[in-house]
Amino acid sequence: MDFVLQTLNILADLLLLLLFIRVIFSWFNVRSGAIVKFIYELTETFLAPIRRLLPSTGFLDLSPLIAFFIIELLRGLINQIPV
């Protein structure tokens, strides 16, 4: 069970890192390159459902912020599971 929790924590860290990189790319309007496209494709599968639920805020995309919150909330709940 400990291995599963560690793996989930590593995956959560990786997803948070990819989301953070995507946010940084969006600030500098970086949209080309294989790595950038790969990161956008990976994170879009997580952000798209959140974006559909949020009301439109114009040019400001709050879905990464909500994603960070959801990931940390899930991580907290998972880490409370007794080993």
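Reader: As what does Arg51 count, in terms of relative accessibility?

Author: This is a predicted model, and each residue in it can be given a relative accessible area. Under 20% is buried, over 50% is exposed, and partly exposed lies in between. Arg51 has a relative accessibility of 29%, so it counts as partly exposed.

Reader: With which side chain does Arg51 meet in a salt bridge?

Author: A salt bridge needs a side-chain nitrogen of Lys or Arg within 4 Å of a carboxyl oxygen of Asp or Glu. Here Arg51 meets Asp61, at 3.2 Å from N to O. Arg51 is in helix H2 and Asp61 is in the loop between H2 and H3, so the salt bridge ties together parts that are 10 residues apart in sequence. Asp61 is also partly exposed, at 37% relative accessibility.

Reader: How many salt bridges does the structure hold?

Author: There are 5. Another of them joins Arg75 to Asp13, with the closest N and O atoms 2.8 Å apart. This pair links distant parts of the chain, since Arg75 belongs to helix H3 and Asp13 to helix H1, 62 residues apart.

Reader: Is Arg75 buried or exposed?

Author: Arg75 is buried, because its relative accessible area is 14% and the limit for that word is under 20%. Its partner Asp13 is partly exposed, at 41%.

Reader: Which side chain besides Asp13 meets Arg75 in a salt bridge?

Author: Glu72 does, at 3.3 Å from N to O. Both residues lie in helix H3, 3 residues apart, which is about one turn of the helix. Glu72 is partly exposed, with a relative accessible area of 40%. Elsewhere, salt bridges that share partners join Arg22, Glu44, Arg51 and Asp61 into one network.

Reader: How do I read a nonpolar core, and which residues make up the largest nonpolar core?

Author: In soluble globular proteins, nonpolar side chains tend to be buried together. The largest core in this model has 7 residues: Ala12, Leu16, Leu19, Leu47, Ile50, Ala67 and Ile71. Helices H1, H2 and H3 each give two or more residues to this core, and H1 gives the most, with 3. Apart from this core lies another of 5 residues, among them Leu18, Phe25, Val36 and Ile39.

Reader: Which residues does Ile71 touch?

Author: Leaving aside residues up to four places away in sequence, Ile71 touches Ala12, Leu15, Leu16, Leu19 and Phe46.

Reader: Now the pockets. How much space lies in the largest pocket?

Author: About 290 Å³. Its lining has 13 residues, and those closest to its centre are Val23, Ser26, Trp27, Asp61 and Pro64. Helices H1 (2-27), H2 (34-53) and H3 (63-79) each give two or more residues to this lining, with H1 giving the most, 4 residues. By type, the lining divides into 8 nonpolar, 1 polar and 4 charged residues.

Reader: Which residues lie nearest the centre of the second largest pocket?

Author: They are Leu8, Ala12, Ile71, Leu74 and Ile78, out of 13 that line this pocket. About 170 Å³ of space lies in it. H1 and H3 each supply at least two of the lining residues. This lining divides into 10 nonpolar, 2 polar and 1 charged. Ala12 and Ile71 also belong to the largest nonpolar core.

How values were computed:
Residues numbered from 1 in each chain as written. Predicted model: local features only at pLDDT ≥ 70, side-chain atom pairs only at ≥ 80, totals over all residues. Heavy atoms only, no water. 1 Å grid on protein atoms, 1.4 Å probe; cavity = no way out; pocket = protein on both sides within 12 Å on 5 of 7 lines; lining within 4 Å. Points joined across faces, edges and corners; volume = space filled by probe spheres on them. Nonpolar A, V, L, I, M, F, W, Y, C, P; charged D, E, K, R; others polar. Buried < 20%, exposed > 50% of the residue type's maximum accessible area, 1.4 Å probe, protein only. Core = buried A, V, L, I, M, F, W, Y, C linked by side-chain atoms within 4.5 Å. Contact = heavy atoms within 4.5 Å.
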